[in-house]
Amino acid sequence: MKLRIALVLSITTMVATAKDPWRRHTIDPVDAEAGRRGADGVRLGDINRDGLLDIVTGWEEGNAIRVSLNPGPNHAKKQWPAVTVGRATDAEDAVFADLDGDGYLDVVSSSEGKTLSHFVHWSPSDSAGIMVEGSWTTEVIPITEKREAWMFTLPCDVDSDGDVDLITGSKNAGASVSWIENPGKKSARNLSAWRLHRIADAGWIMSLRIFQQEGERFLVYSDRKGDDSGIFLCPFANEAPYFGKPVLIGGGGEEVMFLDLALLNDDAKLDIVASIRPDRTHVIYQPEAPLTLWEDSADLDAMDPEIFGSAKAVRVGLIDDDQIPDFVITCEQAKGKLKGVLFSNVFSEFEPVSDSEGVKFDRIELLDLDDDGDLDIITCEEKTGLGVIWFENPL
């Protein structure tokens, strides 16, 4: 029988209640003098190739682009070893990507504000140099410089030539979803040879995700602002321009924040869960023809504004042992007594994860950091100085 939120909501009402907060651990703390102010986003990758996923973060109000090395389950509750791999002002996003094909992950950061550029922070070509700040070099990608307020970047081999390209999105005047073409491994470090291709106009891009189904690839993205806000699906093509026309599949006219992909029923097709400001978690189920409006949808109950902040990000995972997909949610505007991290599933009440510390939390990663068999929550907090953090799952 299908797990269908629309049916369950008719027999279950979720009411927010006060629960004990999960224990919070600091991965990388704030240090204003070192440029670590305003942690904005967490992305994962195994940079030292030890089998453990590490974290990269851009500190927007400072200028540090930081990599935190996963120390393993025995030391995960302590501050992680970390290195500043480069400097970039107004950094809204940072992500791992091996752009030159040398087998070592580089870092790409995306800046808005007055900087309006993408930067590559080139990794040293040996594991020993990863933790040495001076071993990294930072360069701007010229075709992106002073061009758009870049918000989020997704590494992807768009043209299937074996090199890592970059799909990126921006906000405000002239905003777009675009891709930046890698000229090839031998020329990748010549950043003036990279080329920018516009996929679609945009208002304010939040998420970029890719999924493959029955031999076809699709780009799904959320646009939170403008006359055409919503969730869009864009098919890949086998030849230039490599993307078809984006199709609105849900959330039209809504302020859609971060989204996630997950299998939520038994049809083996990925469904979409999105945070919708100010207080909703929106689920849309994939139809037989994906490039149509995904009309089969359901929302969790609205979050109580007297207990939680406004919806920012959502991630799907098995948080407890009932085998029902849970929705981990982070919030911004969690001021005063409001809480900014919580989770729920279709049968349960909203359960706070955090206490009232922290105002503006961001995107989420779920990993079992302490190797105790359950998923922990990794995120960051931008406004009150919590930095890059994780919450230890007690369930």
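Is Trp136 buried or exposed? Trp136 is buried, at a relative accessible area of 6%. The model behind this and every exercise below is predicted.

**Exercise 1. Place Trp136 and Lys146.**

Task: State where Trp136 and Lys146 are found, and classify Lys146 as buried or exposed.

Solution.
- Step 1. Trp136 belongs to the loop between β8 (118–122) and β9 (137–140).
- Step 2. Lys146 is in the loop between β9 and β10.
- Step 3. The relative accessible area of Lys146 is 54%. The cut-off for exposed is over 50%, so Lys146 is exposed.
- Step 4. Now add spacing. Trp136 and Leu342 are 206 residues apart along the chain, and 37 Å separates their C-alpha atoms.
- Step 5. For Lys146 and Ala274, the chain separation is 128 residues and the C-alpha separation is 31 Å.

**Exercise 2. Account for the disulfide count.**

Task: Find how many disulfides the structure holds, then test Cys234 and Cys331.

Solution.
- Step 1. A disulfide is a covalent bond between the sulfur atoms of two cysteines.
- Step 2. Searching the whole structure gives zero disulfides.
- Step 3. Take Cys234. Its closest cysteine sulfur is in Cys156, 11 Å away, so the distance is too far for a bond.
- Step 4. Take Cys331. Its closest cysteine sulfur is in Cys380, at 14 Å, and that too is too far for a bond.
- Step 5. Check burial. Cys234 has 0% relative accessibility and counts as buried. Cys331 is buried as well, with a relative accessible area of 0%.

**Exercise 3. Classify aromatic pairs.**

Task: Count the aromatic pairs, then assign a geometry to Trp179 with Tyr242 and to Phe236 with Phe243.

Solution.
- Step 1. The count is six aromatic pairs.
- Step 2. For Trp179 and Tyr242, the ring centres are 5.8 Å apart and the planes meet at 90 degrees. Planes over 60 degrees apart count as edge-to-face, so this pair is edge-to-face.
- Step 3. Locate both partners. Trp179 is in strand β12 (residues 176–181), and Tyr242 is in the loop between β16 (230–235) and β17 (247–250). The two are 63 residues apart, and the pair links distant parts of the chain.
- Step 4. Check burial. Trp179 counts as buried at 2% relative accessibility. Tyr242 counts as buried at 18%.
- Step 5. For Phe236 and Phe243, the centres are 4.7 Å apart and the planes are at 45 degrees, so the pair is tilted. Phe236 and Phe243 are both buried.

**Exercise 4. Find charges over rings.**

Task: Which rings do Arg49 and Arg224 lie over?

Solution.
- Step 1. Arg49 lies over the face of Tyr104, and the distance to the ring centre is 4.1 Å.
- Step 2. Arg224 puts its charged end over the ring of Trp204, 4.0 Å from the centre.

**Exercise 5. Describe the pockets.**

Task: Give the volume, lining and residue classes of the largest and second largest pockets.

Solution.
- Step 1. The largest pocket holds about 270 Å³ of space.
- Step 2. Its lining has 21 residues. Nearest the centre are Asp40, Glu92, Met151, Lys312 and Asp362.
- Step 3. Two or more lining residues come from each of β2 (39–45), β6 (91–97), β10 (149–156), β14 (205–213) and β18 (256–262).
- Step 4. Sort the lining of the largest pocket by class: 13 charged, seven nonpolar and one polar.
- Step 5. The second largest pocket has a volume of about 200 Å³. Its lining includes Arg43, Phe152, Arg209, Arg315 and Glu365.
- Step 6. β2, β10 and β14 give two or more residues to the lining of the second largest pocket. β10 gives the most, three residues.
- Step 7. That lining divides into six nonpolar, five charged and no polar residues.

**Exercise 6. Look for enclosed space.**

Task: How many cavities of 30 Å³ or more are there, and what lines the largest cavity?

Solution.
- Step 1. Rolling a probe the size of a water molecule over the atoms shows where empty space is left.
- Step 2. The count is two cavities of 30 Å³ or more.
- Step 3. The largest cavity holds about 100 Å³.
- Step 4. Among the residues lining the largest cavity are Ser207, Phe258, Ala313, Val314 and Ile364.
- Step 5. β14, β18 and β22 (310–317) each supply at least two residues of this lining.
- Step 6. By class, the lining of the largest cavity has seven nonpolar, three charged and one polar residue.
- Step 7. Compare lists. Phe152 appears in the lining of the largest cavity and in that of the second largest pocket.

Methods: Residues numbered from 1 in each chain as written. Predicted model: local features only at pLDDT ≥ 70, side-chain atom pairs only at ≥ 80, totals over all residues. Heavy atoms only, no water. Disulfide = S-S within 2.5 Å. Buried < 20%, exposed > 50% of the residue type's maximum accessible area, 1.4 Å probe, protein only. Phe/Tyr/Trp six-rings, centres within 6.5 Å; stacked < 30°, edge-to-face > 60°. Helix = DSSP H or I, 4+ residues; strand = E, 2+ residues; numbered from the N terminus. Lys NZ or Arg CZ within 6 Å of the ring centre and 35° of its normal. 1 Å grid on protein atoms, 1.4 Å probe; cavity = no way out; pocket = protein on both sides within 12 Å on 5 of 7 lines; lining within 4 Å. Points joined across faces, edges and corners; volume = space filled by probe spheres on them. Nonpolar A, V, L, I, M, F, W, Y, C, P; charged D, E, K, R; others polar.
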